[in-house]
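Hi,

Here is the structure I promised to pass on to you. Have a look at it first, and my notes follow underneath.

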Amino acid sequence: MKQINHNYWEGYEDPKHEADKYNPDLRRAMQKLYGRKGFDFGKVGDDFYDTDKRNQYRPDGYSTYTSLDEKDPNYWSKMKFRENAIENNKEISDRCDLLARTIAGELFFPCRELNGKTINQMRGTNGNINDMMYLTLENIRKYYEKEPEDYPLKETIERYGYFFDRFNSFDEYIEYNFLQDFELLPKKFPANEEELVEYWKKSIEFLEARLKRIEKYAIQNNLFEK
């Protein structure tokens, strides 16, 4: 895999040619980090998706940590204040975006569609989650704790139980994915400029901590390219 601060999204910003689908370097890095339980990220250099998206086998995919920056149009309508926040806090916003484009910003869930939207699609379109990683992890925790009551991603996570059942517990899932510092993550969707800036600051703290964990593991296991 590339060195720890490598930007896997440089040159892959085009929505039709994004890094999580087409960058072989990112595919290779994910396979090295997360392939040890049999997770499959497809052959390096191949198109991420098969020709028939509905029926053919699709590899375990990955998604980018959402930094809610100026390059992400998904939440413009929900954050009218974002443009001002970026203008007034450009350095913080850019730092968060850059970290999110390193390996520390890459998370993975099943890519294959099973009778409905994938986990990544649902965490982005469910108004109770809004791509918030902390809230996503809290839903995953409830799955492992066999929470009987309803929660936003319950139906979706249960559909993909085969994926989560590769881990014996929530703690094992967290450790495997270098998410031990997830309590640092922002816990609510920003409602104003001040909260968005705080969101960026907490995201930076989390991503920097995760990057260090991944770097330590990569060095111990000789994963970096020579």
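Please keep in mind that this is a predicted model. I looked at two things, the internal cavities and one of the helices.

Let me start with the cavities. With a lower limit of 30 Å³, the count is two. The largest has a volume of about 50 Å³. Around the largest cavity you will find Y65, T66, R123, D131, M132, M133, Y134, L185, P186 and Y199. By class, that lining consists of seven nonpolar residues, one polar and two charged.

The second largest cavity comes to about 40 Å³. Its lining is made up of L107, F108, F109, M133, Y173, N177 and L179, which split into six nonpolar, one polar and no charged. You may notice that M133 appears in the lining of the largest cavity and in that of the second largest.

Now to the helix, α2, which spans residues 24–34. Its buried residues are L26, R27, A29, M30, L33 and Y34. Viewed down the axis of α2, these fall within an arc of 165°, so they line one face of the helix. As general background, an α-helix has 3.6 residues a turn, so residues three or four places apart point the same way.

What do the buried residues of α2 pack against? Their partners are α1 (19–22), β2 (106–107), α9 (170–176) and α10 (193–220). At the N-terminal end of α2, N23 acts as the cap, with a side-chain oxygen 2.9 Å from the backbone nitrogen of D25.

Happy to talk it through whenever suits you.

Best wishes

Conventions
Residues are numbered from 1 along each chain as its sequence is written. This is a predicted model: local features need pLDDT of at least 70, side-chain atom pairs count only at pLDDT 80 or more; totals for chains, interfaces and linings use all residues. Side-chain values use heavy atoms; hydrogens and water are left out. On a 1 Å grid over the protein atoms alone, a cavity is a set of points where a 1.4 Å probe fits but cannot get out, and a pocket is an open set with protein on both sides within 12 Å along at least five of seven lines; lining residues have an atom within 4 Å of a point. Grid points are joined across faces, edges and corners, and a volume is the space filled by probe spheres set on the points. Ala, Val, Leu, Ile, Met, Phe, Trp, Tyr, Cys and Pro count as nonpolar, Asp, Glu, Lys and Arg as charged, and the others, Gly among them, as polar. Buried means under 20% relative accessible area, exposed over 50%, partly exposed in between (1.4 Å probe, protein chains only). Helices (H or I, at least four residues) and strands (E, at least two) are DSSP runs, numbered from the N terminus. The arc is that of the directions from the helix axis to the C-beta atoms. Contact means heavy atoms within 4.5 Å. A polar contact is a pair of N or O atoms within 3.5 Å; within protein, one must be able to donate a hydrogen and the other to accept it, and residues adjacent in sequence count only if both atoms are side-chain atoms.
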